[in-house]
Amino acid sequence: MGGLDFKPGAPQEEEDEAIVRYNTRLGVYLFIAYVAFYGGFMAMSAFWPEVIGSPWLGGVNMSVLYGFALIVVAIMLALLYQKLSRKPGDGGAK
Amino acid sequence: MIHETSITAVLVFLFFAGTVLAISFYLGAKAKSAKGYFAAGGHIPWFVNGIAFAGDYLSAASFLGICGMIAFFGYDGFLYSIGYLAGWIVALFIVAEPLKRLGRYTFADALDNRFNSRGIKLAAAISTLVVSCFYLIPQMVGAGALIQPLLGFPHYVGVLVVGTVVTLIVVTAGMVSTTWVQFIKGSLLVCLCLFITVLLLMRGFSTADKEGSRQMRAGVPVAEVTGAPGVQVLPAEGAWADKPFVRVRDDKGIVKVWKKEAGDTLSETQTLTVLKDGSKLANGLPRGKGEGQGDLVPVGYASKLPGGVKETGPVGPFEFFTTMQDSEVILWGNQKIVDAEGTTTTVYFQKPTEGKAFMAPGSSPTFSKVKSEKFSDKLDFLSLMLALFCGTASLPHILIRYYTVKDQVSARKSTVVGIAAIGVFYILTLYLGLGAMTSGTLDVTDSNMSAPLLAKSFNSFLFAVLSAVAFTTVLGTVSGLIMAASGAVAHDLMTNFLKIPMDDVKKVRSAKIAAACVGCLAMVLGILFAKMNVNFLVGWAFNIAASANLPALAMLLFWRGTTKQGITAAITVGMLSSLGWILLSAQAYKDVYGIDPTTAIVPFSQPAIVTIPLGFAVLVIVSLLTKKSTPAVAGTASA
């Protein structure tokens, strides 16, 4: 980190069409996976509240576990995206 | 409850505000260029930007509102945590990198990148201003509502202090100082909540009376209350007729209210009475801390613990929840009774509730309809969850943070850091809320105070620090909102829409003037809306942002047939339809106009489930109709 005014030089970003395309597709796949997971929670809360309110793993309610999982999975998918996505210099599609 | 002013809290807040103001003035001299002012020169390190995301996003509504809702109703408050966090997935996977690639300073820049259309600039700027204002009002009112119990000043002082400090922060160094205030606030908030959660787990649960609190009586035979010497039972007439309460006046003339329970028993209640002349009685005594005066008793305790134990000792992170599920906790309901003389009495009554009931969705008035058999009742819940999911990545004050990092890789990395920090915080809200529920320090009149009062159950210094941090949460969010609004005025409207010729210096000057004006407007709105229940405005801001901005942004990125007319129409229709729906909803009827909510025109209150698809449909139809008039541009252009 530079000074308080954030002034270490910022090099001009280089665009690579293939990398942009790859990252966009990867992002969309991960997004769809998460939407399905989130949609499952919404559907269970709205249509099967008694199921989601019942004890599950280790006796903890499914609502608590599913809620935590939605947050933890979001963090894990974010890290996965960070790991799999490409940056300039990585080359195009594999 | 009457809260004592904490000098330590005032000092901690002054130290924080003084530090960020000193940094702002120090940096102010350096932020001369438009890029420096609007986007901190694009030099902010990704980690700092990630934490600043947390500082920008975790508003008073997130921190105090969610903890309070969990403390009062249980799991339902956590639904907001889930929705608010899930929205970041849209930001990371769909919006972050393209936005950085396409824009310069504002959200309108990215939308307009291909087209150079004045219509898009105008629509996007207005949408930014509308969403920012909807978000600003609850923050400013929240500042006023917090300063009284936390720091001991009247409401308008809170609004003016926040308004002035934030305006100075934004006007001096723009995005650079805004970033610092958000970074400091985000770090403090997450670390402090983590610390309190650890203390909470180490303390465990107990059914014993807490210091300064006592368990209210329940299961008392009617005869024991009404037959006591010198006691007179007041007749159940007028507004008190057909109510489940018994009023008794003791030999000192103090009126107490008991709630009728099953098996001819009564449970003790608490009452707050506002007389016609405005004076207040708490539990039948003049409200105050002096001789002959009284105040409401702090509450919040588990009445039964698993296995009949009185104390659990330290609990593990998952044992915390299993213990809560198998316990019985005294929650509190309330009923307002206005009698013919104009006296308003709010009766707060005990609701012994099993953990199984409050640890699942549908335990609060907001989400109770999720258990309804009626499909439209469920739509309200689904629509709000959709708005929270789609709204985050459409909030202008969040989007502009993407322009402060140097490249797309940094935008991505900073979002990952933001998601991690915000995710940890939202997990902690469930611990903090449930901890507050059983802390013995709850104020039945004010759910927003639950988190600071939980800290008070450990020690008064922690209360002071948490109060100051709670108050400063408002600074971080409001500074981001004012930055977004000033960018929309100076960059989108003045420079790009009205084409007023301005060099960098003039542009920064007009942005600063715009920020000062928005700051003043925020203060005025904060004072004007003081008496209004404004918590729902945050949800509305998410609905409007998602309906107006997301269809345009998503289709621009993923459909090459998108035209400038399509984008302009989608923003306009999305914004107006969601706004119109909200103003015609049962929630607005009840909370804004004060009329019968059953007469509301629209079938449910949260519009996102209708207006987001509407925005997409309008964009597609208008784009198809105007396809020939707009040259298609392959790929994406650089800014």
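These legends go with close-up views of a predicted model.

**View 1. Here is how chain B splits into domains.** Domain 1 of chain B covers 7–28 + 44–204 + 374–531, and domain 2 covers 220–371. Measure from C-alpha centre to C-alpha centre and the two domains of chain B sit 35 Å apart. Their contact takes 30 residues from domain 1 of chain B and 35 residues from domain 2 of chain B.

**View 2. This one zooms in on the seam between domain 1 and domain 2 of chain B.** About 2,700 Å² is buried between the two domains of chain B, with carbon and sulfur atoms making up 70% of it. On the domain 1 side of chain B, B:Phe73, B:Leu201 and B:Val444 lose the most area to domain 2, together 22% of what that side buries. Looking for salt bridges across this seam? The rule finds zero, but it does find eleven residue pairs in polar contact (both at pLDDT 80 or more). Helices H4 (60–73), H5, H8, H12 and H14 of chain B each put at least two residues into the domain 1 side. The largest share of that side, five residues, comes from H14(B).

**View 3. Now for the largest nonpolar core, with its 224 residues.** The members that touch the most others are B:Tyr57, B:Leu111, B:Phe321, B:Tyr426 and B:Leu434. Helix H8 (residues 155–203) of chain B chips in the most, at 20 residues. The core lies between domain 1 and domain 2 of chain B, because both give residues to it. Pick out B:Leu111 and, leaving out residues up to four places away in sequence, you'll find it touching B:Ile120, B:Ala124, B:Ala552, B:Leu553, B:Leu556, B:Ile567 and B:Ile571.

**View 4. B:Thr128 takes the spotlight here, sitting in helix H7 (residues 118–151) of chain B.** B:Thr128 has 4% relative accessibility, so it counts as buried, the cut-off being under 20%. Set aside neighbours within four places in sequence, and B:Thr128 is in contact with B:Phe107, B:Pro396, B:Ala484 and B:Ala488.

**View 5. The last stop is where chain B meets chain A.** Here 57 residues of chain B are in contact with 52 residues of chain A. The two chains bury about 4,900 Å² between them, and carbon and sulfur atoms give 76% of that. In chain B, B:His43, B:Phe93 and B:Arg412 lose the most area to chain A, together 14% of what that side buries. The salt-bridge count between the chains is zero, while seven residue pairs are in polar contact (both at pLDDT 80 or more). Elements giving two or more residues to the chain B side include helix H1 (7–28), helix H5 (76–102) and helix H14 (408–437) of chain B.

Methods:
Residues numbered from 1 in each chain as written. Chains lettered and ligands numbered in written order. Predicted model: local features only at pLDDT ≥ 70, side-chain atom pairs only at ≥ 80, totals over all residues. Heavy atoms only, no water. Core = buried A, V, L, I, M, F, W, Y, C linked by side-chain atoms within 4.5 Å. Buried < 20%, exposed > 50% of the residue type's maximum accessible area, 1.4 Å probe, protein only. Helix = DSSP H or I, 4+ residues; strand = E, 2+ residues; numbered from the N terminus. Domains from an automatic or database assignment. Contact = heavy atoms within 4.5 Å. Buried area = accessible area lost by both parts, 1.4 Å probe. Salt bridge = Lys/Arg side-chain N within 4 Å of Asp/Glu carboxyl O. Polar contact = N/O pair within 3.5 Å; in protein donor to acceptor, adjacent residues only side chain to side chain.
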